[in-house]
Amino acid sequence: MKLNGKTIVVCLALAAGALHAAAQQSDPLHAWVQAKDPAALQAWVQERLVAEKADVDKLIAVSGPRTVENTLRPYDDAQNELALASNNAFLMFSLADTAAMRDMGQKTTEVISTASTELALNPQVYHALAAVPLPANDPATRHYLERTLLEYRLAGVDKDEATRAKIRALQDKITSLTLAFGRNVADGTLTVKATRAELAGLPDDYISRHKPGPDGMYTLTTDAPDSRPVMSFASNSALRHRMYLAYLDRAFPQNEQVLRDLLVARQDLATTLGYAHYADLATADQMSGSAANVQKLLDQVDEVSRPAARREYDELLAFAERRQPGLISIDDADASYWMEQYRRAQFAFDAQSVRPYFPYTQVQAGILATASRLFHVSFKPVKNAVVWDASVDTYDVYDQAPGDAGKLLGRIYLDMHPRAGKDKWFSSAPVVPGIRGRQLPEGMLICNFSGGAAGDPGLMEYDEVVTFFHEFGHLMHHILGSQGEWSGQGGFNVEGDFVESPSQMLEEMFHSTAILQSFGKNYQTGEPIPAALVAKMNAASAYGRAYWLQRQLLYSSYALQVHDQDPAKIDFDALFRQDQERFSAFTPVAGVHFFATFTHLEGYASNYYTYVLDKVIAIDFFSQFDANNLLDGPTAMRYRRTVLDAGATKPAAELVKDFLGRPQNMKALETWMNQEFQPLPVNAKAE
Ligand SMILES: [Zn+2]
């Protein structure tokens with residue numbers, strides 16, 4: 001999951017008079033307990049905002065010297081109220097059983113967002129916080145204060161009134177241009193015509209879903225269910241090329257001006273705030289720290305992955321030549337097709353074949369058991385918990401680490417199966433922030449796995465099992481990392497370009513035959529998943545790692561480059577072509593306008609590199625574990641203590657150093673890319 005960089009924190013200010021009265025009327029942590037209709041939800045959110053306002057007033061009213069207790073504490077309390085409000089509103093928006101409640105969830109989310117922005121741009125609060133002496137012997141609090149002040153400065157709160165007005169206008173402009181860019185992509189469906197013969201290679205159910213027109217031609221759209229199978233399965237290269245060009249042309253030319261205006265506005269914002277360009281502004285509060293550091297990272301990963309990517313391409317081309325004599329190169333429009341053909345021939349792995357070993361209930365129990373051993377915790381089901389839907393599983397999490405065994409750490413809610421009106425994605429989110437001695441953290445998973453209904457075993461694909469563990473990793477990071485003093489220093493509050501590292505690390509665990517066999521048992525016979533099948537699955541999933549990294553470098557470089565120079569002068573297509581020539585062994589196709597549909601430029605802007613950085617860190621983390629004893633060796637506990645338990649009490653770079661004993665480097669990534677799972681010999685028989 002990806003949370004926005006902004007830290008949303010909170011707490012229960014039980015002492016404050018007005019808040020105390022409100023707290024008596026309702027459960028201040030869980031909106032769903034009392035809010036049974038939209039008006040009640042609105043009132044519950046309003047109570048949080050009234051409490052937040054009271055905390056801010058209390059902070060501003062202080063006379064005499066500023067201290068952590070009289071200034072940072074009410075600030076954190078205000079953030080806690082905002083976090084409770086927005087977490088619960090998001091929960092209702094995503095999960096409530098009626099449209100009216102979901103609408104109110106959305107409506108209140110907007111109100112809370114306005115209140116958050118107001119606090120983030122409040123100069124009185126900023127000056128009060130800036131007057132608090134930095135505590136010398138409390139590094140976590142010191143870091144919290146420094147980071148909070150940095151975020152205020154990045155928002156422009158220390159500028160004069162005219163400059164602040166300009167910043168607000170630029171931010172509004174950026175928001176509306178970002179929305180316009182995304183809308184042009186979402187609305188920009190194009191079509192491609194194909195003869196029946198050109199559909200060869202596509203699955204039968206794909207072909208039967210489409211009916212020919214009076215001229216005998218089939219009409220295919222650029223929407224994913226139509227376009228993806230063409231790119232992977234259609235044996236006709238001309239059709240693949242028509243689809244490729246149409247797909248990348250969905251929002252061209254309309255997005256060219258939108259993107260240029262957006263980049264000009266971002267650049268203007270950056271220089272107004274004192275930065276040379278937007279990429280430096282957007283990395284100032286990240287682990288990377290600057291655009292120059294990002295460039296260094298990309299160069300290092302390039303050096304490591306380039307030879308392996310070349311080798312992968314040469315093998316792929318040799319394979320394609322055997323299938324199609326005379327072929328001398330593969331271009332971008334043909335890449336997916338040949339990779340699919342190669343995967344089938346080389347690994348003889350069918351993703352459907354593992355599903356009988358992964359029925360949902362068994363997987364959930366297996367993931368809880370794996371997490372228990374790895375993190376030294378236990379999960380106790382909470383019977384009769386008040387939840388928003390009867391299907392939600394609730395567990396209390398207890399510490400089982402030496403010295404802390406039996407200590408309650410927090411609560412998790414698992415909302416795991418689809419139902420009408422429910423959010424369709426897979427994510428992990430905080431419900432309640434943690435504050436030591438006052439408020440235990442709570443978090444939830446929102447997923448849409450099969451199963452959950454009587455008689456349905458919910459057989460999962462391997463990728464779904466990995467997704468489950470990935471999201472569960474975010475949840476554990478939140479629970480374990482939110483045991484500190486401040487609601488704004490939980491696991492989800494780490495720098496945005498680090499937040500995926502712990503979860504990506506966990507994904508690697510699920511290549512372990514021992515772990516998979518511990519719960520992957522045939523739902524009818526009880527037979528554990530065969531080691532040979534796991535080996536084949538691992539080999540198939542490991543194929544193309546260097547290619548994947550080089551693609552990520554291509555996108556990361558492009559995202560960085562459009563944000564680190566004068567946007568008025570960029571030739572978007574020429575720049576992309578340059579990056580393609582640098583990062584791709586595949587031949588570029590002439591006439592593509594990649595930028596027009598590169599929607600990551602909206603949310604990530606210059607920071608698409610997050611994927612690359614977190615992969616480097618995740619693989620380096622994983623390399624510290626004993627492959628033969630992943631769960632029970634001493635490394636797991638050391639990892640928990642140094643990386644997860646610390647939450648956001650330190651800069652992420654320090655968490656990495658605390659665990660590795662050094663900054664991350666490329667060695668483990670290089671090994672990961674080049675070995676691990678050897679492909680089976682060509683012509684190996686399928687199981
Ligand atoms: Zn994630």
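Which residues of helix α10 (residues 224-233) are buried?

**View 1. Helix α10 and what covers it.** This is a predicted model, in which local features need pLDDT of at least 70 and side-chain atom pairs count only at pLDDT 80 or more, while totals for chains, interfaces and linings use all residues. Residues are numbered from 1 along each chain as its sequence is written, and side-chain values use heavy atoms, with hydrogens and water left out. In α10, the buried residues are D226, S227, P229, V230 and M231. Here "buried" means under 20% relative accessible area, "exposed" means over 50%, and "partly exposed" is in between (1.4 Å probe, protein chains only). The cover over the buried residues of α10 includes α9 (204-209), β2, α11 (237-248) and α15 (332-347). Helices (H or I, at least four residues) and strands (E, at least two) are DSSP runs, numbered from the N terminus.

**View 2. Strand β2 and its partner β1.** Strands β1 (residues 191-194) and β2 run antiparallel, joined by four bridges; two strands count as paired if DSSP finds at least two bridges between them. Look for V192, which sits opposite L220 of β2. Side chains in a regular strand alternate between the two faces of the sheet. In β2 (residues 218-221), Y218 and L220 make up the covered face, and T219 and T221 the uncovered one.

**View 3. Helix α4 against helix α5.** Two packed helices are described by the angle between their axes and the distance between the axes. For α4 and α5 (residues 99-120), the axes come within 7 Å and cross at roughly 155°. Axes are lines fitted to C-alpha atoms, for helices over the stretch in contact, and angles run from 0 to 180 degrees between N-to-C directions. That crossing makes α4 roughly antiparallel to α5, a label for angles over 145 degrees (under 35 is roughly parallel, 65 to 115 roughly perpendicular and the rest oblique). Among the residues making the contact are A78, L82, A85 and F93 of α4, with G105, T109, I112 and L119 of α5 on the other side. Contact means heavy atoms within 4.5 Å.

**View 4. Two salt bridges inside helices.** A salt bridge is a side-chain nitrogen of Lys or Arg within 4 Å of a carboxyl oxygen of Asp or Glu, and the structure holds 35 of them. One joins E69 to R73, with the closest N and O atoms 3.7 Å apart. These two are four residues apart in α4 (residues 68-95), so about one helical turn separates E69 and R73. R73 counts as buried, at 10% relative accessibility. Another salt bridge brings together the side chains of E256 and R260 (3.8 Å, N to O). They too are four residues apart, this time in helix α12 (residues 254-272), and about one helical turn separates E256 and R260. E256 is partly exposed at 29% relative accessibility, whereas R260 is buried at 16%.

**View 5. A salt bridge across the sequence, and a network.** D632 and R373 form a salt bridge whose closest N and O atoms are 2.5 Å apart. D632 lies in the loop between α24 (610-623) and α25 (634-644) and R373 in helix α16 (residues 360-375), so the pair ties together parts that are 259 residues apart in sequence. Both ends are partly exposed: D632 has a relative accessible area of 45%, and R373 has 42%. Elsewhere, a network of salt bridges links D399, D404, R640, R641 and D645.

**View 6. The five-stranded sheet and helix α17.** The strands of this open sheet follow the order β3-β4-β5-β7-β6, with mixed pairing. At the edges are β3 (377-381) and β6 (427-432), each pairing on one side only. From one strand to the next, the twist averages 25°. Helix α17 (residues 462-481) packs on the sheet and touches β3, β4, β5, β6 and β7 (442-446); the direction of α17 makes about 170° with that of β7. Within the sheet, β4 (residues 393-399) and β5 (residues 408-415) pair in the antiparallel sense over six bridges, and D393 stands opposite L414 of β5.

**View 7. Some backbone oddities.** Most residues other than glycine have a negative phi, and most peptide bonds are trans. F252 and P253, though, are joined by a cis peptide bond with omega about 5°, and P253 lies in the loop between α11 and α12. A348 is not a glycine but has a positive phi of about 45°; A348 is in the loop between α15 and α16. H376, in the loop between α16 and β3, has a positive phi near 60°.
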